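User: I would like to learn how to read a model like this one, feature by feature. Could you take my questions in turn, giving the general idea and then the case at hand?

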Amino acid sequence: MAGTMTIKLVFSGGLELLFGNERNQSVLIPSFVPSDNSTHSSPSSSSSTSSSYNNTPSTGETKAADLEYLIYHLRDHLLKERSELFMENGTIRPGILVLINNTDWELEGEGSYQLRNNDEIVFISTLHGG
Amino acid sequence: MAPTSCSLCRDAKAILKRPKTGQQICKDCFFFVFETEVHHTITESELFKPGDRVAIGASGGKDSTVLAYVMKTLNERYKYGLDLFLLSIDEGITGYRDDSLETVKRNQQQYDMPLKILSYNELYGWTMDAIVEQIGKKNNCTFCGVFRRQALDRGAASLHVDHIVTGHNADDIAETVLMNIMRGDIARLGRCTLICTQGEDTIKRSKPFKYAYEKEIVMYAYFKKLDYFSTECIYSPDAYRGHARTFLKDLEAARPSAIIDIIHSGEAFEVKEEIKAAQKAQQTCKRCGYMSSNDLCKACTLLEGLERGMASSVITDRARKKMDAIGPAPDNIRTIPLFRSTPTIAVELPSQS
């Protein structure tokens, strides 16, 4: 098994504005990540330079990559502005809906969901006018 | 985690956890319960009768887009016998409303409903862009709110409709309950949970999504792949509602039933008759004929302030008196059209696409 996974991302409901106005994106995520969700061993883009990933962080414990890690990764590497509108208290800000492969993340364990290659994660803000 | 099966049909894979009940349900059961609950809200409140002409206040946003779709679905499924129209207000906000109106025009085609767009410029002679240029970003929401409410009524009159439905959802109403409690506005607190309101001579207004959670409305739009527009108004900080909203979303995260609980609490408040009686009696505006609690209705007052270059001073009664003291209104102040007796109905019929 390769050391990285491709995760497809969709941002909508106005959330795309925080992510460079790109609704559909993808990221490469290491299969194992620091347990403290530190993302600094990863390159800072969604480009396909997977070879530069450091899959075995030199310090600290590791865990299988989960959605909680993905949220930190997106904040640190993909978010263009105002991270407080995306994250709050270590998770997604209330009012943003998350779907994992077309299923409400509340049915999939939320942040503890273990990512798999080619998963599609959809983030929809409900905080914009109706 | 193993896929959970639907707690209603016990067959298909659950795709949504309902915030109201905690039930885990599949896509088809979700569509069915969402639509059926709105149907029950409509029938239990006896909102409509056969033959009613109903305008859907359509902004192109998620709530009104889902409302238009669900109203069309229920009208066909349960044979309400309603004539449905889309009614959109163009506030004249470049880069915001012009884009969202494009969505409404697509909805007109998709849902095959007549559409009427009424602009602030047409009614008041001012766009919001021009208003903000004159008065700045402070207080501009006051103008927009008063102008939009009246524009919906006037647009509805021009369509000869009996009823306007809006996409206000459970989250919006719970927010308003909280805001009215925090502001101590007892009169509004008594009114804000009503599903249907009717002024002296205005058209009925109601909120069929009163008990529909925002989460479910957005999920419904997502799974039905409905076409909606989502961008914050470029002029709207509406900070007070923003605080109430953030607070409510935090409550919902801790206890999803909080939203419906707050609405029920709001409904349980009883405002004493003498408090209601203390509100000003309704009359009609001496300039345009719209219902009003003063000689001039709010829109005419705001418009006069704009025309006389004293816009920022007409928000309060005291400022209004000051303006009157300077002198009477010039003769050329615009009379805002009421459309009471318009014989023809100007709507854009959907063309075949």
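User: Is Asn101(A) buried, partly exposed or exposed, and why?

Analyst: In this predicted model, the way to judge burial is to count the C-beta atoms around a residue, where 20 or more within 10 Å would make it buried and 12 or fewer would make it exposed. Asn101(A) has 15 other C-beta atoms within 10 Å, and it is therefore partly exposed. Asn101(A) sits in the loop between E7 and E8 of chain A, and Asn101(A) has a positive phi of about 45° although it is not a glycine.

User: Which loop holds Glu46(B), and what is its phi?

Analyst: Glu46(B) belongs to the loop between H1 and E3 of chain B, and its phi is near 50°, a positive value in a residue other than glycine. Because just 8 other C-beta atoms lie within 10 Å of Glu46(B), this residue counts as exposed.

User: Why is Gly57(B) classed as it is, buried or exposed?

Analyst: The same kind of count applies here: Gly57(B) is buried because 23 other C-beta atoms lie within 10 Å. Gly57(B) lies in strand E3 of chain B, which covers residues 53-57, and, leaving aside its neighbours within four places in sequence, it is in contact with Ser64(B), Leu87(B), Leu152(B), Ile164(B), Val165(B) and Thr166(B).

User: How should I describe the overall make-up of each chain?

Analyst: One can begin with the elements and then turn to burial and to contacts along the sequence. Chain A has one helix and nine strands, arranged along the sequence as β-β-β-β-α-β-β-β-β-β, and 36% of its 130 residues count as buried. Chain B comes to 14 helices and 10 strands, with buried residues making up 42% of its 353 residues. Among contacts with a separation of 6 or more, residues 24 or more positions apart account for 68% in chain A and for 71% in chain B.

User: Which parts of chain B touch chain A?

Analyst: A contact between chains can be described by the residues each side gives, and then by the elements those residues come from. Here the contact takes 26 residues from chain B and 17 residues from chain A. On the side of chain B, the elements giving two or more residues are strand E1 (16-17), helix H2 (62-77), helix H9 (214-223) and helix H10 (239-254). The largest share of that side, five residues, comes from H9(B), and the residues of the side divide into nine nonpolar, eight polar and nine charged.

User: Why is H9(B) described as largely enclosed?

Analyst: Nine of the 10 residues of H9(B) are buried, so the helix is largely enclosed by the rest of the structure. Among these buried residues are Glu214(B), Lys215(B), Glu216(B) and Tyr222(B). Their cover includes E7 (96-100) and E9 (120-125) of chain A, together with E1, H1 (27-44), H2 and H7 (170-183) of chain B. Just after H9(B), Lys225(B) takes a positive phi of about 55°.

User: How do I read the packing of H2(B) against H9(B)?

Analyst: Two packed helices are described by the angle between their axes and the distance between the axes. For H2(B) and H9(B), the axes come within 10 Å and cross at roughly 65°, which means that H2(B) is roughly perpendicular to H9(B). The crossing is left-handed, and the contact is made by Lys62(B), Asp63(B), Thr65(B) and Val66(B) of H2(B) with Ile217(B), Val218(B), Tyr220(B) and Ala221(B) of H9(B). These contact residues divide into five nonpolar, one polar and two charged.

User: Where should I be cautious about the coordinates?

Analyst: Where pLDDT is low, the predicted coordinates should not be read in detail. The mean pLDDT of chain A is 84, with 82% of its residues at 70 or more, but over residues 42-54 of chain A the pLDDT is below 50, and this stretch has 20 contacts in the model beyond near neighbours in sequence. For chain B the mean is 87, with 89% of residues reaching 70 or more, whereas pLDDT stays under 50 over residues 341-345 of chain B, for which the model has three contacts beyond four places in sequence. The model as a whole scores ipTM 0.85 and pTM 0.87.

Definitions and conventions
Residues are numbered from 1 along each chain as its sequence is written. Chains are lettered from A and ligands numbered from 1 in the order in which they are written. This is a predicted model: local features need pLDDT of at least 70, side-chain atom pairs count only at pLDDT 80 or more; totals for chains, interfaces and linings use all residues. Helices (H or I, at least four residues) and strands (E, at least two) are DSSP runs, numbered from the N terminus. Two residues are in contact if their C-beta atoms, placed from the backbone, lie within 7 Å. pLDDT is the predictor's confidence in each residue, from 0 to 100. Ala, Val, Leu, Ile, Met, Phe, Trp, Tyr, Cys and Pro count as nonpolar, Asp, Glu, Lys and Arg as charged, and the others, Gly among them, as polar. Axes are lines fitted to C-alpha atoms, for helices over the stretch in contact, and angles run from 0 to 180 degrees between N-to-C directions. Angles under 35 degrees count as roughly parallel, over 145 as roughly antiparallel, 65 to 115 as roughly perpendicular and the rest as oblique. A crossing is left-handed if the near helix is turned anticlockwise from the far one by less than a right angle, and right-handed if clockwise.
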